[in-house]
Amino acid sequence: MVKALAFKGEKKPKKRKANVIDEGEAKATTTGDVSTHHNGAEDGDSWVSADVATDIAGPVIIILPSTEPTCVACDASGAVFASNLENVIEGDPATAEPHDVRQVWVANKIAGTENLSFKGPNGRYLGCDTAGLLSAKAEAISSEESFLCITSSSESGTFDIQTQRGQFLTILDDSGKPEIRGNAESISLRTTSHIRMQARFKPKLMASKESKGREKISRKALEEVVGRKLDEDEVRRLKKARAHGEFHEAVLDARVKGKHDKYS
């Protein structure tokens with residue numbers, strides 16, 4: 001199930017727990033457990049930079065190469081405009097987070113291609129017409145709603161967003177709020193954008209989280225699987241095997257070793 005977007009500074013409603021917490025659990029929550037749980041939630045809901053085009057998925061913000069931090073946004077009617085970013089540290093686009101739902105697009109890979117679609121908060125898709133004008137009014141994806149994100153060579157973690165006509169998203173005027181167009185003929189500093197995304201959709205972070213999850217198993221659980229008491233080296237070996245997908249073989253070895261020790 002897709003989670004509702006949470007914005008920085010927004011107060012979260014408190015949930016009452018139905019279960020009574022015993023003294024031991026209460027002691028644990030006053031130490032490291034609460035911070036660990038809280039950080040785990042933040043890891044998934046926090047915003048991180050996409051490093052390569054294959055990272056881009058789920059809720060994203062497209063940060064423009066403007067002097068003042070701005071991003072691509074759209075209103076309910078589908079009008080696309082540059083929106084000022086408030087949640088940014090010292091003007092660094094690599095730290096930006098959205099403060100307005102109109103700034104958030106949902107990126108999805110288009111089947112059978114390397115292209116992406118960007119669905120706006122109004123439920124319509126970002127598109128670029130023959131004149132290079134952007135809007136978010138299409139209910140379905142056509143070639144005009146299909147974009148290729150090319151990893152930029154000018155700066156790590158940046159992209160040049162190309163339309164299906166071979167042109168690029170760009171800004172025309174940077175004196176105030178920049179005008180966004182999709183008709184740049186070549187890559188330049190004005191076509192290079194940062195893309196920020198929610199951490200839980202980034203493949204590298206997801207894989208790391210899954211790997212850590214495989215490593216988490218208690219000594220008691222391991223001893224129940226093997227059927228005997230284990231020493232420190234055996235516990236370490238089984239945990240390592242579990243993390244590398246070799247758990248069943250390691251368990252069999254541990255069981256065989258236990259039988260040998262019993263009859264030796």
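This tour moves through a predicted model, from the whole chain to single residues.

**The whole chain**

Begin with the entire protein in cartoon view. Its secondary structure amounts to six helices and 13 strands. Of the 264 residues, 37% are buried. The accessible surface is about 16200 Å², and carbon and sulfur atoms account for 53% of that area. Sequence separation is also informative: among contacts between residues at least 6 apart in sequence, 53% join residues at least 24 apart.

**The nonpolar cores**

Next, select Ile56, Val60, Val80, Trp105, Phe118, Cys149 and Ile195. These are the residues with the most contacts inside the largest nonpolar core, which has 28 residues. Apart from this core lies another, of eleven residues, which includes Ile217, Val235, Val251 and Ala254. As a general background, nonpolar side chains in soluble globular proteins tend to be buried together.

**Phe118 and its aromatic partner**

Centre the view on Phe118 and display its surroundings. Leaving out residues up to four places away in sequence, Phe118 touches Val60, Ile62, Trp105, Val106, Ala107, Arg124, Tyr125, Leu126, Phe147 and Cys149.

Which ring pairs with that of Phe118? The partner is Phe147, with 6.0 Å from centre to centre and 55° between the planes, a tilted arrangement. The count of aromatic pairs comes to one. Phe118 belongs to strand β6 (residues 116–119), whereas Phe147 is in the loop between β8 (134–138) and β9 (148–151), so the pair ties together parts that are 29 residues apart in sequence. Phe118 and Phe147 are both buried.

**Around Phe147: Asn115, Gly127 and Ala138**

Keep Phe147 displayed and add Asn115, a residue of the loop between β5 (105–109) and β6. Asn115 has a relative accessible area of 11% and is therefore buried, the limit being under 20%. Beyond its neighbours within four places in sequence, Asn115 is in contact with Asn108, Lys109, Ile110, Ser146, Phe147, Leu148 and Gln164.

Now select Gly127, in strand β7 (residues 125–128). Is Gly127 buried or exposed? Its relative accessibility is 5%, so Gly127 counts as buried. A C-alpha to C-alpha distance drawn from Gly127 to Phe147 gives 8.6 Å, for residues 20 apart in sequence. Phe147 is also one of the residues that Gly127 touches; the others, again without residues up to four places away, are Leu133, Leu134, Ser135, Glu144 and Glu145.

From Gly127, step across to Ala138 in strand β8. The C-alpha atoms of Ala138 and Gly127 are 7.2 Å apart, and eleven residues separate the two along the chain. With neighbours within four places set aside, Ala138 is in contact with Arg124, Tyr125 and Glu145.

**His194 in strand β13**

Move to His194, located in strand β13 (residues 192–198). His194 is buried, at a relative accessible area of 10%. Show the side chains of His194 and Glu155: they make a polar contact at 3.5 Å. Outside four places in sequence, the contacts of His194 are Ile61, Ile62, Ile63, Pro93, Ala94, Glu155, Gly157 and Thr158.

**Helix α5**

Select residues 232–243, which form helix α5. The twelve residues of α5 reach 17 Å from first C-alpha to last, close to the 16 Å expected at 1.5 Å a residue. Colour Glu234, Val235, Leu238, Ala241 and Ala243 to mark buried positions of α5. Val235 also belongs to the core of eleven residues visited earlier. For reading such a pattern, an α-helix has 3.6 residues a turn, so residues three or four places apart point the same way.

Both ends of α5 merit a look. What caps the N-terminal end? Asp231 does, with a side-chain oxygen 3.2 Å from the backbone nitrogen of Asp233. Just after α5, Gly245 has a positive phi of about 75°.

**Last stop: Glu90**

Finish at Glu90, in the loop between β4 (80–84) and β5. Its phi is near 50°, a positive value in a residue other than glycine. Most residues other than glycine have a negative phi. Glu90 is exposed, with a relative accessible area of 82%.

Conventions:
Residues are numbered from 1 along each chain as its sequence is written. This is a predicted model: local features need pLDDT of at least 70, side-chain atom pairs count only at pLDDT 80 or more; totals for chains, interfaces and linings use all residues. Side-chain values use heavy atoms; hydrogens and water are left out. A nonpolar core is a set of buried Ala, Val, Leu, Ile, Met, Phe, Trp, Tyr and Cys residues joined through side-chain atoms within 4.5 Å. Buried means under 20% relative accessible area, exposed over 50%, partly exposed in between (1.4 Å probe, protein chains only). Contact means heavy atoms within 4.5 Å. Helices (H or I, at least four residues) and strands (E, at least two) are DSSP runs, numbered from the N terminus. The expected span of a helix is 1.5 Å times one less than its number of residues. A polar contact is a pair of N or O atoms within 3.5 Å; within protein, one must be able to donate a hydrogen and the other to accept it, and residues adjacent in sequence count only if both atoms are side-chain atoms. Rings of Phe, Tyr and Trp (its six-membered ring) pair if their centres lie within 6.5 Å; planes under 30 degrees apart count as stacked, over 60 as edge-to-face and the rest as tilted. Accessible areas come from the Shrake-Rupley method with a 1.4 Å probe; for residues, only the protein chains shown count as cover.
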